[in-house]
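Me: Hey, can you help me look at this structure? I'd like to go through a few residues one by one.

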Amino acid sequence: MFEYELQQIRSAELIREAQNHRIAREAIRSRRAARRAAVRESAGNDSEGQAHSRGHRRHRFARVA
């Protein structure tokens with residue numbers, strides 16, 4: 001009977017841990033969405049354009065032969 005109670009406790013701990021993980025992921029997703037929305041909103045108001053582009057970048061150092 002003792003092993004069964006230990007198993008129930010462990011199961012409850014795992015369920016709580018999974019729920020906390022889901023809540024954390026949801027918070028990260030909502031922060032990213034808010035950040036993207038803010039960038040989209042400010043991009044329309046920006047007269048100078050973006051300082052950084054995701055275009056073609058050169059590597060900092062030349063490749064080794």
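Reply: Sure. Keep in mind that this is a predicted model. Let's start with Ile9: its relative accessibility is 48%, so it counts as partly exposed.

Me: Why isn't 48% enough to call it exposed?

Reply: Because exposed means over 50% relative accessible area and buried means under 20%, with partly exposed in between. Ile9, at 48%, therefore gets the middle label.

Me: OK, and where does Ile9 lie?

Reply: Ile9 is part of helix 1, which covers residues 2-45.

Me: Which residues form a nonpolar patch with Ile9?

Reply: Phe2 and Leu6 do. Together the three have about 320 Å² of accessible area on the surface.

Me: New topic: salt bridges. How many are there?

Reply: Searching the whole structure turns up two. In one of them, the side chains of Arg10 and Glu13 meet, at 3.5 Å from N to O.

Me: How far apart are those two along the helix?

Reply: Arg10 and Glu13 are three residues apart in helix 1, so about one helical turn separates them.

Me: Are they buried or exposed?

Reply: In between: Glu13 is partly exposed at 35% relative accessibility, and Arg10 is partly exposed at 44%.

Me: And which residue does Arg29 pair with?

Reply: Arg29 forms a salt bridge with Glu26, and their closest N and O atoms are 3.8 Å apart. These two are also three residues apart in helix 1, which means a separation of about one helical turn.

Me: What about their accessibility?

Reply: Arg29 has a relative accessible area of 49% and Glu26 is at 47%, so each counts as partly exposed.

Conventions: Residues are numbered from 1 along each chain as its sequence is written. This is a predicted model: local features need pLDDT of at least 70, side-chain atom pairs count only at pLDDT 80 or more; totals for chains, interfaces and linings use all residues. Side-chain values use heavy atoms; hydrogens and water are left out. Patches are made of residues with over 30% relative accessible area and no salt bridge: like charges are joined within 9 Å, nonpolar side chains (Val, Leu, Ile, Met, Phe, Trp, Tyr) within 5 Å. Accessible areas come from the Shrake-Rupley method with a 1.4 Å probe; for residues, only the protein chains shown count as cover. A salt bridge is a side-chain nitrogen of Lys or Arg within 4 Å of a carboxyl oxygen of Asp or Glu. Helices (H or I, at least four residues) and strands (E, at least two) are DSSP runs, numbered from the N terminus. Buried means under 20% relative accessible area, exposed over 50%, partly exposed in between (1.4 Å probe, protein chains only).
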